[in-house]
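This report describes selected features of one protein chain for a reader who is new to structural analysis. Please keep the sequence and the model in view while reading.

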Amino acid sequence: MDFEPTDDQTRIRRVAREFAEGELGDKIAPYDERHEFPHAIVKKLGPLGFLGVLVPEAYGGAGLDHVSYALIVEELCRGDASVGITMWAHNSLCANHIASFASEAQKRRYLPRLASGEVLGAWGLTEPGSGSDAAALRTRAELSGDEWILNGSKAFITNASVCGTAVIMARTGPEKGSKGVSAFILEKGVPGFSAGSPYRKLGLHASDTAELILEDARVPAAGLLGERGAGFAQAVQVLEGGRIAMAAMAVGIAQAAVDQSVKYMKQRTAFGRTLAEFNGLQGMIADLATEVEVARLLTLRAAYAKDAGRPAMHVAAMAKLFASETAMKAATQAVQIHGGAGYITEFPVERIFRDAKLTEIGEGTSEIQRLVIAREILQLS
Ligand SMILES: Cc1cc2nc3c(=O)[nH]c(=O)nc-3n(C[C@H](O)[C@H](O)[C@H](O)COP(=O)(O)OP(=O)(O)OC[C@H]3O[C@@H](n4cnc5c(N)ncnc54)[C@H](O)[C@@H]3O)c2cc1C
């Protein structure tokens, strides 16, 4: 068993780390404070290949493996999780759905522009009335001549108001549940397709999350992504990869919490000693560092299973569950280690603490991950 990344993976991680250290960190704080999307910073991800990580080279992407991808997501989220989620929602959800299931003509039309960063991608499954129970979605698509007409809305969509391309799941048949769901590719600018105002969120203030609204939005028949009725099965596959990305995001956030704690423990003094000399805090940081390493190994194992073409659903769920709960724990303890300084916006742990919570909710909550894992262990359908 080889735990070492390859030379290429090591190089890619270094590029991501250098980008995060140079372009994120302190530079992102003002965007977070203003709840502003960092267009200029996100634009820089394109030339690095980070907006087409999983897109094959034939369509302008970097064509990298999932292990490399997880390393990039971790490093970006270590620098800033808002930029991280912007990047991975674009890659894992929108671009990867198209790369995995679209026709050749659709791939040629959409992937090069997504991979270069000319347009950002969004992916709409969740609705105001359905999240965990995603198959209960109500957005409808009806065929009229050679066009589909879509009506409904999608809630909590990352990149909704900054995207140029979106993949939308909608009901196309009378069948109940997952069977009657199809996927569509929509372009911004299509009449009847718009985004609501970005939500004011607990964390990830520099990421864009908004509703997507479909009011008689017309999509040519060629906008159907894959087979009619296959949209939900496709979405489940897309979520498998998305959960690995969310796990990597959580590892990055958790690592940032540890980094900040180590830095603070070495500089802050109390009772004539640095915090680093207190046994209680040493135990805390040792436990955290260990748990982050476990989360990283689980995440890379899930990514490796995906690269090997093995079923990765339950290992992805385990990685996502453990990594997200580790991120929340690490962020909480990092604030504790900082004392009062952890509660004010001057120190990054306040932002890290707010950002961490999303990892326990997005791409399926912790309760849903436990359900997926239990079903696999108990061999339930
Ligand atoms: C910042 C952000 C970005 C997001 N980005 C996207 C995106 O790009 N695209 C997209 O489609 N969605 C996105 N989402 C939506 C996200 O995936 C959902 O919020 C998530 O799946 C939970 O769904 P819900 O909010 O409807 O919660 P609900 O499903 O209403 O869950 C409420 C509570 O009930 C629990 N629960 C529900 N069912 C069960 C069960 N069977 N057993 C035990 N407990 C259960 C949940 O765990 C949770 O605690 C995003 C959300 C946020 C906050």
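L204 lies in the loop between β6 and β7. The model in which L204 appears is a predicted one. The backbone of L204 has a positive phi of about 50°, although L204 is not a glycine. Is L204 buried or exposed? With a relative accessible area of 4%, L204 is buried, because the cut-off for that class is under 20%.

A second residue also deserves attention for its backbone angle. N159 is located in the loop between β3 and β4. Its phi is near 70°, again a positive value in a residue other than glycine. The relative accessible area of N159 is 0%, so N159 is buried.

**Strand β4 and its partners**

The loop that holds N159 leads to β4, a strand that spans residues 165-171. Why is β4 described as largely enclosed by the rest of the structure? The reason is that seven of its seven residues are buried. In a regular strand, side chains alternate between the two faces of the sheet. In β4, both faces are covered. T165, V167, M169 and R171 are buried on one side, while A166, I168 and A170 are buried on the other.

Two strands pair with β4, and they do so in opposite senses. Strand β1 (residues 121-124) runs parallel to β4 and is joined to it by four bridges. Within this pairing, W123 has V167 of β4 as its bridge partner. Strand β5 (residues 181-187) pairs with β4 in the antiparallel sense, over seven bridges. Here R171 is matched with V181 in β5.

**Aromatic rings**

How many aromatic pairs does a search of the whole structure find? The search finds three, and two of them are set out below.

| Pair | Geometry | Centre to centre | Angle between planes |
|---|---|---|---|
| F156 and Y199 | tilted | 5.3 Å | 40° |
| Y264 and F347 | edge-to-face | 5.7 Å | 85° |

The pair of F156 and Y199 links distant parts of the chain, 43 residues apart. F156 belongs to strand β3 (residues 147-158), and Y199 lies in the loop between β6 (193-195) and β7 (209-220). F156 counts as exposed because its relative accessibility is 57%. Y199 counts as partly exposed, at 28% relative accessibility.

The pair of Y264 and F347 also links distant parts of the chain, here 83 residues apart. Y264 is part of helix α7 (residues 231-267), whereas F347 is in the loop between α9 (313-338) and α10 (348-356). Y264 has 8% relative accessibility, so Y264 counts as buried. F347, at 21%, counts as partly exposed.

Another ring has a charged residue as its neighbour. R34 lies over the face of Y31, at 5.4 Å from the ring centre.

**A nonpolar patch on the surface**

The last feature is found on the outside of the model. Which residues form a nonpolar patch on the surface? They are M1, F3 and L297, and together they have about 420 Å² of accessible area. F3 is found in the segment before α1 (7-23). F3 is exposed, with a relative accessible area of 58%.

**Summary**

The features described include enclosed and accessible regions alike. Strand β4 has both faces covered, and N159 is buried in the loop between β3 and β4. F3, in contrast, is exposed and contributes to the surface patch with M1 and L297.

Methods
Residues numbered from 1 in each chain as written. Predicted model: local features only at pLDDT ≥ 70, side-chain atom pairs only at ≥ 80, totals over all residues. Heavy atoms only, no water. Patch = residues over 30% accessible without salt bridge, like charges linked within 9 Å, V, L, I, M, F, W, Y side chains within 5 Å. Areas by Shrake-Rupley, 256 points an atom, 1.4 Å probe, with all protein chains shown as cover. Salt bridge = Lys/Arg side-chain N within 4 Å of Asp/Glu carboxyl O. Buried < 20%, exposed > 50% of the residue type's maximum accessible area, 1.4 Å probe, protein only. Phe/Tyr/Trp six-rings, centres within 6.5 Å; stacked < 30°, edge-to-face > 60°. Lys NZ or Arg CZ within 6 Å of the ring centre and 35° of its normal. Pairing = 2+ DSSP bridges.
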